[in-house]
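Biologist: I would like a close look at a single part of this chain, with the surroundings described first and each term given its cut-offs. Could you take me through it in one connected answer?

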Amino acid sequence: MVERLSGGCLCGKVRFSAAPAARDMGVCHCSMCRRWSGGAFMAVDCGNTVEFAEGAEPGVYVSSDYGERVFCAQCGSSLMWRMRDGSHVSVSAQAFDAPEVFALTTEIFVDEQPSGYAFANSTRKMTGAEVFALYAPNQEPQHG
């Protein structure tokens, strides 16, 4: 059984638990993620395992035909990116109560990464075209 981890937003209004697929953390450098999260979006694949605490009412922004961004409507914390059909959720690693359990392993949309920063970790790097070819070969490339 995969261990469930808890997390939440800055103000505590939106709490959740999820079972990350692994202890791997990925970073998205796309322009939408950077604007939405205030930097590179560091996320953990949680499949469809996210469960919100009773009474938690996160805000949702539909950002593409297939993706949406979930946040706290009160404090604005960026919490997760998910497929609109519910098939996949990437949870902000920093929204978990113990983000130190995750290791940075992958960077995506590196072709959109600004030149003003770089991570020291050795990671698998993928361009936006490579991401779409791998995960959505029938999708027209767009941000989500």
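Modeller: What follows moves from the whole chain to one strand with its two hairpins, and then to a cysteine beside that strand.

This is a predicted model, in which local features need pLDDT of at least 70 and side-chain atom pairs count only at pLDDT 80 or more, while totals for chains, interfaces and linings use all residues. Residues are numbered from 1 along each chain as its sequence is written, and side-chain values use heavy atoms, with hydrogens and water left out.

The chain has two helices and eleven strands, where helices (H or I, at least four residues) and strands (E, at least two) are DSSP runs numbered from the N terminus. Read from the N terminus, the order of elements is β-β-β-α-β-β-β-β-β-β-β-β-α. The radius of gyration, taken over C-alpha atoms, is judged by a globule rule of 2.2 Å times the number of residues to the power 0.38; for 144 residues a compact globule would have a value near 15 Å, and the chain, with 15 Å, agrees with this. Along the principal axes, the C-alpha atoms fill a box of roughly 40 × 35 × 30 Å. Of the 144 residues, 40% are buried, a term that means under 20% relative accessible area, with exposed meaning over 50% and partly exposed in between (1.4 Å probe, protein chains only). Contact means heavy atoms within 4.5 Å, and among contacts between residues at least 6 apart in sequence, 55% join residues at least 24 apart.

The part to look at closely is strand 8, which covers residues 78-83. Strand 8 is mostly covered, since five of its six residues are buried. Two strands are said to pair if DSSP finds at least two bridges between them, and on one hand strand 8 runs antiparallel to strand 7, with five bridges joining the two. Within that pairing Glu-68 stands opposite Arg-82. Strand 7 and strand 8 form a hairpin with six residues between them, and in its turn Gly-76 has a positive phi of about 85°.

On the other hand, strand 8 also pairs with strand 9 (residues 89-92), again in the antiparallel sense, over three bridges. Arg-82 takes part here as well, its bridge partner in strand 9 being Val-89. This second pair of strands likewise forms a hairpin, with five residues between strand 8 and strand 9, and Gly-86 in the turn has a positive phi of about 80°. As background for reading side chains along such elements, in a regular strand the side chains alternate between the two faces of the sheet.

The loop between strand 7 (67-71) and strand 8 also holds Cys-72. At 1% relative accessibility, Cys-72 counts as buried. Leaving aside neighbours within four places in sequence, Cys-72 is in contact with Cys-9, Cys-11, Lys-13, Val-14, Ser-77 and Leu-79. The C-alpha atoms of Cys-72 and Glu-57, which are 15 residues apart along the chain, are separated by 7.7 Å.

Elsewhere in the chain, three strands form an open sheet in the order 1-2-5, with antiparallel pairing. Strand 1 (5-8) and strand 5 (51-52) stand at the edges with a single partner strand each, so one side of each is left without a neighbour in the sheet. Four bridges join strand 1 to strand 2 (residues 15-18), and across this pairing Leu-5 stands opposite Ala-18.
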